[in-house]
Amino acid sequence: MHAYATDSRAQAYAYLTVLAVVIAVTMNAVVVSTGFSYGWLISSPSLGAAFIGLLKIFDIWAWRWKWLRKIGVTTTPAVDGIYEGTIRSTYADTVVDVRLIIDQRWLRVLIRFEVMGATTSTSRSSSAAIHEEGHHDARLTYTYSNQVRPGFAEGDMHDHDGAAEITITPEGEVSGRYFNARGRQGVILLKRTE
């Protein structure tokens with residue numbers, strides 16, 4: 001997985017920081033109330049530990065919670081899942097069955113693209129940006145590296161880089177386009193299956 005750009009995360013970091021301070025102050029008060037005279041040893045490390053723990057929880061699970069979205073803590077669209085459909089390439093007007101797999105956390109993402117059937121190649125993202133588009137759709141833009149499976153792909157097909165820009169609706173419908181360093185481009189039409 002790699003980092004990705006999205007709309008500002010500053011507000012979420014602010015909430016996490018305030019909550020970490022509250023946890024650290026509470027921990028320090030509990031330690032001091034027990035009579036431990038070296039409470040200062042606990043206060044600074046507890047702030048760091050609380051923030052790291054909260055960030056981990058938020059990165060994996062909490063950023064998806066609807067109530068946190070409703071109060072504006074995060075607006076990062078959740079687009080992870082498995083999508084299947086077709087691409088129509090400018091190369092001989094070819095239509096190919098494909099699968100798009102998106103693994104996403106709040107801070108990291110990995111986008112994999114596979115040709116179904118006789119798997120001739122697979123692609124993995126190297127950079128990405130995810131933004132809200134309109135009120136409900138998500139716009140995913142990413143660059144990728146494609147690796148060809150020798151012996152399965154056509155003889156003129158080689159490893160290459162490219163980029164894709166897709167829109168994902170709340171219903172899981174995907175439409176967009178791609179282009180690559182081989183001078184080919186096409187249209188992507190997919191539907192969420194998982």
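Here is a short chat about the fold, cores, surface and salt bridges of this predicted model.

Reader: Let's start with the overall build: in what order do the elements run from the N terminus on?
Author: The chain's secondary structure comes to three helices and ten strands. The helices sit together in the order, after an opening pair of strands, and strands follow them to the end. Written out from the N terminus on, that gives β-β-α-α-α-β-β-β-β-β-β-β-β.

Reader: Is the chain spread out or a compact globule?
Author: The C-alpha atoms fill a box of roughly 80 × 35 × 25 Å along the principal axes. For 194 residues the globule rule gives 16 Å, and the radius of gyration here is 22 Å, well over that. So compared with a compact globule, the chain is more spread out.

Reader: What share of the 194 residues is buried?
Author: To count as buried, a residue needs a relative accessible area under 20%. The chain as a whole exposes about 10,900 Å², with carbon and sulfur atoms supplying 60% of that. The buried share of the 194 residues comes to 37%.

Reader: Which element gives the most residues to the largest nonpolar core?
Author: In soluble globular proteins, nonpolar side chains tend to be buried together. Here the largest such core has 23 residues, and Y83, L100, I102, I111, L140, Y142 and I168 are the ones with the most contacts inside it. The elements that give it two or more residues are β3, β4, β5, β6, β7, β8, β9 and β10. With four residues, the one that gives the most is β7.

Reader: Take I102 from that core: which residues is it in contact with, leaving aside neighbours within four places in sequence?
Author: I102 is among the residues with the most contacts inside the largest core. Contact here means heavy atoms within 4.5 Å. With the sequence neighbours set aside, the list for I102 is V79, D80, G81, Y83, V109, L110, I111, L140 and I168.

Reader: How many residues are in the second, separate core?
Author: This one is set apart from the largest core, and its members include A50, L54, L55 and W63. W63 also turns up among the contacts of T76. The second core's count is twelve residues.

Reader: Is T76 buried or exposed?
Author: T76 lies in the loop between α3 and β3. Its contacts beyond four places in sequence are Y4, T6, W63, R69, Q104 and W106. The relative accessible area of T76 is 2%, so the label is buried.

Reader: And on the outside, which residues form a nonpolar patch on the surface?
Author: One member of the patch, M27, has its place in helix α1. M27 has 38% relative accessibility, so it counts as partly exposed. Together the patch residues have about 400 Å² of accessible area, and they are V18, L19, V22, I23 and M27.

Reader: How many residues apart in sequence are the parts that D59 and R105 tie together?
Author: The two form a salt bridge, with the closest N and O atoms 3.9 Å apart. D59 counts as buried at 7% relative accessibility, while R105 is partly exposed at 29%. D59 lies in helix α2 and R105 in the loop between β4 and β5, so the parts tied together are 46 residues apart.

Reader: What is the N to O distance between R139 and E133?
Author: R139 is partly exposed, with a relative accessible area of 22%. E133 is partly exposed too, at 30%. Their side chains meet in a salt bridge, and the N to O distance is 2.7 Å.

Reader: Which strands hold E173 and K191?
Author: The side chains of this pair meet in a salt bridge at 3.8 Å, N to O. E173 has a relative accessible area of 44% and K191 one of 37%, so each is partly exposed. The pair links distant parts of the chain, 18 residues apart, and the strands are β9 for E173 and β10 for K191.

Reader: Which residues do salt bridges that share partners join into one network?
Author: The chain's salt bridges come to nine in number. Where they share partners, they join up into one network of E84, R99 and E114.

Conventions:
Residues are numbered from 1 along each chain as its sequence is written. This is a predicted model: local features need pLDDT of at least 70, side-chain atom pairs count only at pLDDT 80 or more; totals for chains, interfaces and linings use all residues. Side-chain values use heavy atoms; hydrogens and water are left out. Patches are made of residues with over 30% relative accessible area and no salt bridge: like charges are joined within 9 Å, nonpolar side chains (Val, Leu, Ile, Met, Phe, Trp, Tyr) within 5 Å. Accessible areas come from the Shrake-Rupley method with a 1.4 Å probe; for residues, only the protein chains shown count as cover. A salt bridge is a side-chain nitrogen of Lys or Arg within 4 Å of a carboxyl oxygen of Asp or Glu. Buried means under 20% relative accessible area, exposed over 50%, partly exposed in between (1.4 Å probe, protein chains only). A nonpolar core is a set of buried Ala, Val, Leu, Ile, Met, Phe, Trp, Tyr and Cys residues joined through side-chain atoms within 4.5 Å. The radius of gyration is taken over C-alpha atoms; the globule rule is 2.2 Å times the number of residues to the power 0.38.
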